[in-house]
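Here are my notes after a pass through the model you sent over. I've kept them as numbered points so you can follow along with the structure open.

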Amino acid sequence: MEKQFGYECKFADYKEELIYLRRYFHRHPELGLKEYETSEFIWNYLEQLGYRLRKVSPTGIIAEHPCQDGEIFACRKKVVLRAEMDALPIQEQTGLDYASENAGVMHACGHDGIVAVALMLAKILAEQKETFPVRMRFLFEPAEEIGEGARRMLEAGALEGEPDAFLMFHYAVDQSLGMAVHKGQASAMINGMEIRVHGKSSHWCEAEKGIDSIYAASLVVKALHDLNENYRGKGPCLVGTGTIHGGEYPNIITDLVTLRGNIRAAYEEDYWALDREMRKAVKEIENMTGTGIEVIYPKPAVLPIINDAGLTKAAKAAGKKVFGDRFILENEEQLFLSGDNAYRYFLQAKGVFLVFLARPEGEVYPFHHPKFQFDEEILLYSLEALYETLKGV
């Protein structure tokens with residue numbers, strides 16, 4: 001994709017610093033609620049630009065430029081933009097010359113690029129502080145990957161003052177350089193789950209005195225697999241098992257097996273239907289094996305994100321301007337089974353979720369993979385698209 005950057009802002013002038021910032025954050029990833037170095041870097045960077053900063057314990061930051069406090073700016077729309085900072089507990093295997101320097105931690109979801117673009121946007125708006133048509137607040141959110149960040153930011157006043165719009169963005173690698181926005185619903189309803197299979201411990205030489213929780217757990221795994229194969233709902237949905245743990249000694253019938261996984265559905269009706277079918281299957285396994293089985297959701301479900309129609313229109317105009325025919329307006333049938341704790345912001349303000357497409361050359365690896373990469377060329381395009389979207393809010 002070839003393009004000459006321009007308009008009121010010469011975006012190409014910011015490319016070198018933008019790439020530097022992204023690679024700096026990629027080399028120094030930190031886990032949720034431990035983003036101390038990341039937070040310090042962001043704080044110092046914004047402080048030099050003149051931003052008024054508030055800390056959200058332990059590592060979050062709310063940033064606004066004090067030049068926009070005056071009466072002359074009162075009529076301008078107020079917009080909040082979220083940038084998540086945290087990385088994942090993954091050992092990087094990309095072989096990049098700017099690969100993670102922190103063992104067992106990696107930016108495998110594009111948050112390094114998100115923070116870099118948000119900082120560069122903050123720099124441009126600081127340079128245009130008296131002429132840019134909206135009043136901006138930046139949220140640098142910790143702990144998105146563990147679902148803690150949005151709640152903490154909101155409790156600290158992230159949306160105080162009734163902003164006119166909330167913006168968030170992410171990168172995806174399923175297509176080459178482009179931009180996508182969903183019309184209406186933009187994410188799925190998801191939740192983490194834990195299934196505890198309680199048996200009765202005994203030595204295997206007296207197997208008749210025990211109740212085999214591992215055998216019962218195997219039936220649970222098969223039941224979930226069969227549920228995915230056979231359930232037909234309104235849209236995409238599934239129940240998945242990610243881990244299974246039980247037993248310590250090979251000659252002992254263990255009394256507890258714990259399965260951890262997740263439930264995902266494009267539509268809430270399918271989410272609850274899957275839950276009912278899963279509990280029904282588990283009850284049958286209980287009766288058959290003599291075990292006791294608990295299905296537990298440790299946290300409330302992550303609700304779907306719903307894009308505001310007016311903000312979607314503004315994002316579409318910006319996407320067409322920057323990406324041309326590489327802009328995609330998606331419908332609900334094209335939903336991914338992903339979710340984000342940012343739904344909490346959407347419950348309190350009109351919002352829109354922008355997705356920038358950045359398929360790299362060569363083999364493509366998914367989010368949360370130790371070889372995950374995205375095409376850095378998207379950074380400058382996404383910066384411009386965000387700038388144009390803000391102008392049209």
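1. Let's start with a charged pair. Arg-54 and Glu-160 come together through their side chains in a salt bridge, with 3.1 Å from N to O. This pair links distant parts of the chain, 106 residues apart: Arg-54 belongs to strand β1 (residues 52-56), while Glu-160 is in the loop between α4 (149-155) and β5 (165-172). Arg-54 is partly exposed, with a relative accessible area of 28%, and Glu-160 also counts as partly exposed, at 40% relative accessibility. Keep in mind throughout that this is a predicted model.

2. On to the count: the structure holds 24 salt bridges. Another one to look at is Arg-27 with Glu-101, where the closest N and O atoms are 3.6 Å apart. Here too the pair links distant parts of the chain, with Arg-27 in helix α1 (residues 15-27) and Glu-101 in the loop between β3 (77-84) and α3 (111-127), 74 residues apart. The two ends sit in different accessibility classes: Arg-27 counts as partly exposed at 21% relative accessibility, whereas Glu-101 counts as exposed at 52%. Arg-27 is classed as partly exposed rather than buried because buried means under 20% relative accessible area.

3. What about a pair within one helix? The side chains of Asp-226 and Lys-222 meet in a salt bridge of 2.8 Å, N to O. Both are in helix α5 (residues 213-230), and because they are 4 residues apart there, about one helical turn separates them. Asp-226 is partly exposed at 26% relative accessibility, and Lys-222 is partly exposed at 49%. There is also a network: Glu-148, Arg-151, Arg-152, Glu-155 and Lys-299 are joined into one by salt bridges that share partners.

4. Now the inside. Which residues touch the most other members of the largest nonpolar core? They are Leu-46, Leu-119, Phe-138, Phe-140 and Phe-356, in a core of 70 residues. Helix α3 gives the largest share of this core, with 12 residues. Leu-119 is a handy place to centre your view: leaving out residues up to four places away in sequence, Leu-119 touches Leu-21, Phe-25, Phe-41, Ile-42, Tyr-45, Leu-46 and Phe-140. Another core, of 26 residues, lies apart from the largest one and includes Ile-195, Ala-216, Ala-217 and Ile-293. As background, nonpolar side chains tend to be buried together in soluble globular proteins.

5. Next, a sheet of 8 strands. This sheet is open, its order is β1-β2-β4-β3-β5-β14-β6-β13, and its pairing is mixed. At the edges are β1 and β13 (327-330), each pairing on one side only. On average, neighbouring strands of this sheet are turned by 20 degrees against each other, direction ignored. For a closer look, take β3 and β4 (residues 134-141), which run parallel and are joined by 8 bridges. Val-80 has Arg-137 as its bridge partner in β4. Helix α2 (residues 36-48) lies across β1, β2 (60-64) and β4, and runs at about 165 degrees to β1.

6. A second sheet has 4 strands, and is open and antiparallel, in the order β9-β11-β7-β12. Why is one side of β9 and of β12 left without a neighbour in the sheet? β9 (237-246) and β12 (292-296) stand at the edges and each has a single partner strand, so one side of each stays unpaired in the sheet. Strands β9 and β11 (residues 256-265) run antiparallel, joined by 9 bridges. Thr-243 has Arg-260 as its bridge partner in β11.

7. Last stop: Ile-195, which is in strand β7 (residues 189-198). Is Ile-195 buried or exposed? At 1% relative accessibility, Ile-195 counts as buried. Setting aside neighbours within four places in sequence, Ile-195 is in contact with Val-220, Leu-224, Val-257, Thr-258, Leu-259, Met-278, Ile-293, Glu-294 and Val-295. As for Tyr-365, that residue is 170 residues from Ile-195 in sequence and 29 Å from Ile-195 in space, C-alpha to C-alpha.

Conventions. Residues numbered from 1 in each chain as written. Predicted model: local features only at pLDDT ≥ 70, side-chain atom pairs only at ≥ 80, totals over all residues. Heavy atoms only, no water. Salt bridge = Lys/Arg side-chain N within 4 Å of Asp/Glu carboxyl O. Helix = DSSP H or I, 4+ residues; strand = E, 2+ residues; numbered from the N terminus. Buried < 20%, exposed > 50% of the residue type's maximum accessible area, 1.4 Å probe, protein only. Core = buried A, V, L, I, M, F, W, Y, C linked by side-chain atoms within 4.5 Å. Contact = heavy atoms within 4.5 Å. Pairing = 2+ DSSP bridges. Axes fitted to C-alpha atoms, helices over the stretch in contact; angles between N-to-C directions.
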